[in-house]
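Here are a few exercises to work through with the model open beside you. Try each task before reading its solution.

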Amino acid sequence: MNRDDEPKVDGWSSIYGEEQRRASVKQQNGPEPGDRRMASEEKKNGPGEAAAATETYHGLADELTSRVPLERARRSGNPERPPEQKVAYRRRKPRVLLWSFLIALSLVLIFAGSVIFYVWNGLRPVAVSDTPVQVTISKGMRAKKVAEMLEQNGLIRNATLFGAWLKLNDEGSRFQAGDYALTPGMANKTIVAKFNSGETIAAATIRFTIPEGYTIKQMADRIAEAAGVDKNSFLAAANDLTKLNGSIWLKDISANGNLRYPLEGYLFPDTYEMKSGSSETDILNRMLSELDRKLDQLPEDWETVLEERGLTVHQMLTIASLVEREVVIDEERPIVAGIIENRIKKKMPLQIDATVQYLLDKQKEKLLTEDLKVESPYNTYLHPGLPPGPIASPSLQSIEATLYPADNDYLYYVTKKDGTNTHLFASTYRQHQKNIQASEKNEKNAKKK
């Protein structure tokens with residue numbers, strides 16, 4: 001530090017040195033004008049007013065003194081602020097806290113907005129497409145796996161968010177197994193509603209109809225055409241009873257080796273719809289189960305009636321197949337069933353043309369005498385009683401007619417051949433001959449027309 005009596009440096013000196021300099025000047029030159037004025041004022045106004053003037057002077061001096069450091073700081077370029085300026089700087093801290101709060105709040109809002117956008121974007125539907133996508137929910141499949149499957153197939157955007165959404169909405173536990181067709185662009189709620197309701201797509205199916213009175217060979221042709229199965233494989237499967245379990249009445253099939261096809265008469269005629277790719281055995285078991293279902297529709301006492309008549313289910317189906325192939329009009333079925341029963345009781349050969357037609361594997365409009373001589377246990381012209389088994393698949397009406405035949409004394413019948421598909425019945429052979437003549441006359445008249 002420079003002493004006060006040294007030359008001034010950088011344009012300033014100590015305040016205390018300045019005061020000493022003034023005192024020295026006073027001693028040499030006498031009081032300064034200001035001091036003389038103050039002394040004069042003191043004499044004139046008294047010591048009080050002079051003191052006040054002195055105080056004012058010192059106040060001005062103090063103010064000037066306080067400005068000196070500021071001026072020195074400005075000139076020197078020193079960033080250090082005097083103590084008073086530091087205090088003023090500290091008073092600005094509340095404004096800094098406000099800015100810090102606003103910045104933190106902005107960061108929180110940005111983060112929250114980003115999360116909301118992420119969730120919204122992840123749960124919104126994917127781009128719309130007209131091409132359906134097939135997905136399969138297996139039995140017991142967890143909601144998490146369902147979500148992953150949907151994402152893999154491009155039906156949702158985010159499996160994790162979709163799984164969380166399911167859990168939040170208590171969904172996923174009611175999903176039903178099956179195949180579903182979903183279209184990209186579907187809302188999440190729509191997808192879940194389909195899964196909950198089991199709105200599955202119909203599996204590819206095969207559909208075929210077996211008319212009443214069809215034989216197994218005719219069935220094989222029809223099913224091979226409709227279902228794409230091999231005809232010979234179907235017939236082979238029909239002969240292997242060890243793999244069949246569709247009916248409880250399979251046990252009633254005779255072990256007689258004379259049966260052409262063991263299942264003849266047991267495959268119920270109806271319209272069937274099954275899954276595509278069903279095997280021959282699947283089809284046979286389905287048709288066998290339909291027989292059991294149809295027999296359950298008979299009167300409750302049907303088994304008791306069958307037992308009272310001394311018949312087995314196999315014999316019942318055999319008689320019913322004869323009635324089916326011989327009769328068209330339902331009202332005549334019990335009458336023909338009664339005639340069959342009457343001839344069996346009298347040990348008369350049944351002489352039913354349909355049994356010979358079965359042997360020939362083709363339908364003839366009129367059998368020849370040589371056809372009636374074909375040797376076979378199925379030829380009821382040569383052998384009395386029933387054939388070894390059914391010759392076709394009977395309808396429920398023919399089965400019921402067999403259980404409850406008409407009580408009559410007829411032994412013969414012949415078709416009228418008048419276009420009505422009805423018959424003429426007779427109790428004696430003579431009357432039967434007259435009926436045959438009437439039938440031939442009707443046939444001639446029909447040809448003339």
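**Exercise 1: the largest pocket**

Find the largest pocket, which has a volume of about 1500 Å³, and describe its lining.

Step 1. A pocket is an open set of points on a 1 Å grid over the protein atoms alone, where a 1.4 Å probe fits, with protein on both sides within 12 Å along at least five of seven lines; lining residues have an atom within 4 Å of a point. The volume is the space filled by probe spheres set on the points, with grid points joined across faces, edges and corners.

Step 2. Forty residues would be a long list, so start at the centre: of the 40 lining residues, E326, D353, V414, T415 and K417 are the closest to it.

Step 3. Now assign elements, which are DSSP runs numbered from the N terminus (helices: H or I, at least four residues; strands: E, at least two). Two or more lining residues come from each of α13, α14 (333-345), α15 (353-360), β5 (412-415) and α17 (429-448). Helix α17 gives the largest share, seven residues.

A note on the model: it is predicted, so local features need pLDDT of at least 70 and side-chain atom pairs count only at pLDDT 80 or more, while totals for chains, interfaces and linings use all residues. Residues are numbered from 1 along each chain as its sequence is written, and side-chain values use heavy atoms, with hydrogens and water left out.

**Exercise 2: the nonpolar cores**

Locate the largest nonpolar core and look at the surroundings of I283.

Step 1. A nonpolar core joins buried Ala, Val, Leu, Ile, Met, Phe, Trp, Tyr and Cys residues through side-chain atoms within 4.5 Å; buried means under 20% relative accessible area, with a 1.4 Å probe and protein chains only.

Step 2. The largest core has 59 residues, and I223, L263, I283, M287, W302 and M316 have the most contacts inside it. Helix α13 (residues 313-326) supplies the largest share, seven residues.

Step 3. Leaving aside neighbours within four places in sequence, I283 is in contact (heavy atoms within 4.5 Å) with residues including I206, F208, I223 and M274.

Step 4. A second, separate core of 20 residues includes I137, M149, F175 and Y180.

**Exercise 3: strand β1**

Which side chains of β1 (residues 133-137) are buried?

Step 1. The side chains alternate: V133, V135 and I137 point to one face and are buried, whereas Q134 and T136 point to the other and are not.

Step 2. Strand β1 runs antiparallel to β2 (residues 178-182), joined by five bridges; strands pair if DSSP finds at least two. The bridge partner of Q134 in β2 is A181.

Conventions. Buried means under 20% relative accessible area, exposed over 50%, partly exposed in between (1.4 Å probe, protein chains only).
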